[in-house]
Every structure is written in C-alpha cells, then in structure tokens.
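Trainee: Could you take one part of this model and walk me through it slowly? I would also like to see how it connects to what lies around it.

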Amino acid sequence: MSKRTREMSDVAAEPAGSDGSVGQVLLREPQKRFYRQRAHANVFIDHALDYPASPDQMDWSVHYPAYFTGPGPAATDGKQVTWADVGCGFGGLLMALAPKYPDVLMLGMEIRVSVTRYVNDRIAHARQQSALAPAGAPEHVDGGFQNVSVIRANSMKHMPNFFARGQLEKVFFLFPDPHFKLRKQKARIITTQLLAEYAYVLRPGGILYTVTDVKDLHEWMALHLERHPLFRRIPDGDLADDPILEAARTATEEGRKVERNGGDKWVACFTRLDDPVD
C-alpha cells in the first residue's frame with residue numbers, strides 16, 4: 001500500500017458523531033501533497049464537465065445543504081449565490097471570507113480536478129470542525145462554513161449556465177494565468193468577448209476585482225475593462241479600507257507566495273454600470 005493510500009485510509013479510521021458517539025467519520029485537514037496537479041489547464045479542451053442547461057436547473061442543495069432543499073436558483077429564504085471566485089485555486093480567499101460574511105453564499109470555480117477536490121475536502125473539514133467545536137473555540141465560526149462551496153467548471157464557457165442575469169454582486173479574478181506568449185493570450189480570463197458574459201451575470205453596482213503580480217497582465221485586464229461600456233474603474237483610494245479587497249490581495253496562496261518573494265501586486269477594481277436605456 002502506498003503512503004498516500006495508507007494516510008488517506010487513516011481518515012476513515014476515526015469514526016465519531018458530533019456528540020462523541022460512534023457513527024460519524026472525523027475528517028482530517030487535507031494536505032496539498034495528495035492533490036498535486038499541473039499549474040494550468042487548457043481551457044479550450046472539452047473537459048468532462050457537469051453543468052446545468054440553465055441556472056433554474058442547477059441543484060445547489062449538494063453545495064449548500066443548510067440553505068437549499070432541491071434544484072433551483074434560490075434557497076427557501078430567497079438567498080442566492082452572489083459571490084464567485086473564478087479560478088479559486090486552493091480556496092484561500094473563500095476560507096478567509098466565509099466566516100466574515102456568513103450570510104453571503106460564495107462559490108469557488110476551478111477547472112483542475114485535483115485542486116477542486118482539495119478545496120471541497122477543505123470545506124468539508126472546516127464545516128465539521130466548526131460543528132464539533134464548542135462555542136467560543138477558534139474552530140467554531142459564524143455560519144460554520146455552510147455558506148461556501150466549490151465547483152469544477154470552465155468559467156470561460158459556462159458562467160451563464162450557473163448564474164442568472166444580474167445574480168452576482170462580486171466576481172474575483174485573482175492571480176490568473178498570464179499566458180505570456182502572444183498566441184496564448186486568447187486564453188486570458190479577461191477578454192472583450194468574455195467581459196460581455198461577466199457583465200451579464202454581474203448586477204449593476206456589483207464589483208469585479210482583479211489582482212495579479214504580472215504588470216503586463218494587469219495593464220491588459222485594466223485596458224479591456226476600461227474600454228467596455230458596462231464597466232467603470234473604481235479609484236484605488238475608494239477601496240483603500242475595503243476588507244474584501246485586502247483579503248483578495250493577501251488571502252490566496254498565490255498572494256502569500258508573492259509576499260514571501262517580495263514581489264509586487266497590481267490591483268484594479270471595476271463597478272458594473274447600469275444597462276443603457278433603449
């Protein structure tokens with residue numbers, strides 16, 4: 001038996017219920033070394049992805065069981081997913097924001113199989129830790145991480161399949177693949193064509209966040225957004241005290257790596273304007 005198989009099988013060797021009784025498997029915090037995968041994925045390949053034909057057919061109950069009881073875009077209390085982290089990586093932003101905004105349903109979208117599985121296991125572990133921890137313990141957080149989930153998806157193709165028009169309040173594009181080669185730039189996450197889809201799912205007044213450590217990519221994203229008639233750049237000073245932007249800059253694994261290496265971070269945030277009057 002391999003080391004990975006032994007350690008993963010150990011996870012199922014500690015059954016205990018939430019009250020200490022036998023019957024509930026205690027989950028270990030996932031370790032990245034068991035979820036290794038290439039840093040990037042070809043977004044133009046037709047991956048084996050599951051996605052609904054329309055937002056009305058999306059079953060959010062498997063992602064947010066505390067809020068949804070079955071298929072449909074809204075929970076029983078009318079709550080919807082309103083924050084999306086596109087290319088969420090290992091879920092650092094989601095895990096940082098979920099306890100601070102327990103009433104907001106947020107979703108990570110990631111195309112890589114192993115990375116998606118890691119984030120899913122990370123959320124499952126955090127939910128269980130919060131549920132089992134006594135009130136006042138550090139692991140016991142508001143919302144119990146029930147407001148956060150991850151899905152494997154190609155956001156460049158299927159955003160309107162998951163989200164209705166104007167559903168999202170915030171969309172994050174943090175440290176995306178820079179695709180330096182000229183022939184690869186068509187695969188960048190911000191392009192003129194894709195901005196039309198992002199504008200469709202982002203409600204007027206919503207905010208699109210971009211953060212990168214590559215100046216060329218920062219200028220590319222900012223230029224395309226500034227040229228789009230439905231986006232207006234937010235002056236940097238207006239978001240100086242925004243805790244969400246601070247988390248976007250510092251909470252992701254890529255952001256922390258840039259800080260360790262003493263690199264620069266380039267930020268540009270845009271608000272979604274009202275649709276033009278016919």
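Mentor: Happy to! One definition before we start: helices and strands here are DSSP runs, of at least four residues for a helix and at least two for a strand, and they are numbered from the N terminus. Please also keep in mind that this is a predicted model.

With that, you can place Ser-61, which sits in the loop between helix H1 (3-11) and strand S1 (81-86). Its relative accessible area is 17%, and buried means under 20%, so Ser-61 counts as buried. The side chain of Ser-61 makes a polar contact of 2.5 Å with that of Asp-59. Setting aside neighbours within four places in sequence, Ser-61 touches Phe-68, Thr-69 and Gly-70.

Now for the part I would like you to study closely: helix H4 (155-162), which is among the elements that give two or more residues to the largest nonpolar core. Six of the eight residues of H4 are buried, so this helix is largely enclosed by the rest of the structure. You can find them one by one: Ser-155, Met-156, His-158, Met-159, Asn-161 and Phe-162. The cover over these buried residues includes S1, S2, S3, S4 and H5. Look at the start of H4 as well, where a side-chain oxygen of Asn-154 comes to within 3.1 Å of the backbone nitrogen of Met-156.

Next, follow H4 into its surroundings. Tyr-198 is in contact with Ser-155, Met-156 and Met-159, and its other contacts beyond four places in sequence include Phe-173, Leu-208 and Phe-231. Tyr-198 is also one of the residues with the most contacts inside the largest nonpolar core, together with Trp-60 and Phe-163. That core has 39 residues. Its contributors include H4, H5, S5 and S7, and H5 provides the largest share, five residues. There is also a second, separate core of 33 residues, with Met-95, Ala-98, Ile-123 and Ala-247 among its members.

Let us finish with S7, another contributor to the largest core. S7 is mostly covered, as six of its seven residues are buried. S7 pairs with S5 in the antiparallel sense over six bridges, and it pairs with strand S6 (residues 231-233), again in the antiparallel sense, over three bridges. Try finding Thr-271 on S7: it is the bridge partner of Ile-207, and it is also the bridge partner of Arg-232.

Definitions and conventions
Residues are numbered from 1 along each chain as its sequence is written. This is a predicted model: local features need pLDDT of at least 70, side-chain atom pairs count only at pLDDT 80 or more; totals for chains, interfaces and linings use all residues. Side-chain values use heavy atoms; hydrogens and water are left out. A nonpolar core is a set of buried Ala, Val, Leu, Ile, Met, Phe, Trp, Tyr and Cys residues joined through side-chain atoms within 4.5 Å. Buried means under 20% relative accessible area, exposed over 50%, partly exposed in between (1.4 Å probe, protein chains only). Contact means heavy atoms within 4.5 Å. A polar contact is a pair of N or O atoms within 3.5 Å; within protein, one must be able to donate a hydrogen and the other to accept it, and residues adjacent in sequence count only if both atoms are side-chain atoms. Two strands pair if DSSP finds at least two bridges between them.
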